[in-house]
Amino acid sequence: MSAVRAESRLLDFVRAMTRLVDTQGPDEPRLLAGAAPLMKTLVAQDDWLPEAMAQPHPTYYQQHLLYGDPLDRFSLVSFVWGPGQQTPVHDHTVWGIVAMLRGRESSQRFTRDADGLMAAHGEAQVLVPGELEILSPTEGDVHQVRNALPDRVSISIHLYGGNIGRIARHVYVPGTNEVKPFVSGYSNALVPNLWAGATA
């Protein structure tokens, strides 16, 4: 595959996703059904992610905005996990699709128990390259994510039904009913040039 074709994968995805939200509107089930194969295609090849959006931080996982829809209908983000790095238990408030690009990622779902306390629910799901996890607030979208590899960087690509870096969300403290508001923001100040090397 040519370098030009590799560089256009991200632009191809953005074009297809924009067409999808244009035609389906805010219909979550239809958006998830249409976006899942687009995400599978995007992570099927690991030759398109800009190097700047693949660099780990020694202490914190990185959340790089790859593309944000101008109308905040969706955003695409690369999460870069150094060894041992993980999120707090958190929600999203919008639908999402996590697609594994490199390494391994563990996602543990949480829900409130009979006493109203936040507790782990079921077994952790481990994603390998090419696999997806679907998130929906209508079905419960609270989870904790970590790098499942102790000695290597892992990278996942996340698609959200909104501009996830600007959305007011929540962190939960397991074993309690404590909830803390947060807005994640992004690790990068600049986004990739989608048209670098891309053809019409």
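The core of this predicted model is an open sheet of five strands, ordered S1-S2-S10-S4-S8, with antiparallel pairing. Strands (E, at least two residues) and helices (H or I, at least four residues) are DSSP runs, numbered from the N terminus, and two strands pair if DSSP finds at least two bridges between them. Strand S1 (62-68) and strand S8 (132-135) each have a single partner strand and stand at the edges, so one side of each is left without a neighbour in the sheet. On average, neighbouring strands of this sheet are turned by 20 degrees against each other, direction ignored. Axes here are lines fitted to C-alpha atoms, for helices over the stretch in contact, and angles between N-to-C directions run from 0 to 180 degrees.

Residues are numbered from 1 along each chain as its sequence is written, and side-chain values use heavy atoms, with hydrogens and water left out. Because the model is predicted, local features need pLDDT of at least 70 and side-chain atom pairs count only at pLDDT 80 or more, while totals for chains, interfaces and linings use all residues.

At the S8 edge, strand S4 (residues 96-102) runs antiparallel to S8, and four bridges join the two. Ile97 has Ile134 as its bridge partner in S8, and Val98 has Glu133. Helix H3 (residues 28-43) packs on the sheet and touches strand S2 (75-81), S4, S8 and strand S10 (154-160). The direction of H3 makes about 10 degrees with that of S4. Contact means heavy atoms within 4.5 Å. In a regular strand the side chains alternate between the two faces of the sheet. In S8, Glu133 and Leu135 make up the covered face, and Leu132 and Ile134 the uncovered one.

What lies against H3 besides the sheet? The axes of H2 and H3 come within 10 Å and cross at roughly 175 degrees. That makes H2 roughly antiparallel to H3, since angles over 145 degrees count as roughly antiparallel, under 35 as roughly parallel, 65 to 115 as roughly perpendicular and the rest as oblique. On the H2 side the contact is made by Arg9, Leu10, Phe13, Ala16, Met17, Leu20, Val21 and Gln24. On the H3 side it involves Arg30, Leu31, Gly34, Ala35, Leu38, Met39 and Leu42.

Helix H2 (residues 9-24) has 16 residues and reaches 22 Å from its first C-alpha to its last, close to the 22 Å expected at 1.5 Å a residue; the expected span is 1.5 Å times one less than the number of residues. An α-helix has 3.6 residues a turn, so residues three or four places apart point the same way. The buried residues of H2 are Arg9, Leu10, Leu11, Phe13, Val14, Met17, Leu20 and Val21. Buried means under 20% relative accessible area, exposed over 50%, and partly exposed in between (1.4 Å probe, protein chains only). Just after H2, Gly25 takes a positive phi of about 60 degrees.

Two residues that are not glycines also have a positive phi: Asp72, at about 60 degrees, and Thr93, at about 70 degrees. Asp72 lies in the loop between S1 and S2 and, at 30% relative accessibility, counts as partly exposed. Thr93 lies in the loop between strand S3 (89-90) and S4; its relative accessible area of 36% makes it partly exposed.

The structure holds four aromatic pairs. One of them joins Phe79 and Trp81, which are stacked at 5.7 Å centre to centre with 25 degrees between the planes. Rings of Phe, Tyr and Trp (its six-membered ring) pair if their centres lie within 6.5 Å; planes under 30 degrees apart count as stacked, over 60 as edge-to-face and the rest as tilted. Phe79, at 5% relative accessibility, is buried, and so is Trp81, at 1%. Tyr61, Phe79 and Trp81 form one aromatic cluster.

At the other edge of the sheet, His64 is found in strand S1. His64 counts as buried, with a relative accessibility of 6%. Leaving aside neighbours within four places in sequence, His64 is in contact with Ala52, Met53, Gln55, Leu76, Val77, Ser78, Val80, Tyr186, Ser187 and Asn188. Ala189 has its place in the segment after strand S12 (179-182) and is exposed, with a relative accessible area of 79%. Although 125 residues apart along the chain, Ala189 and His64 have C-alpha atoms separated by 8.7 Å.
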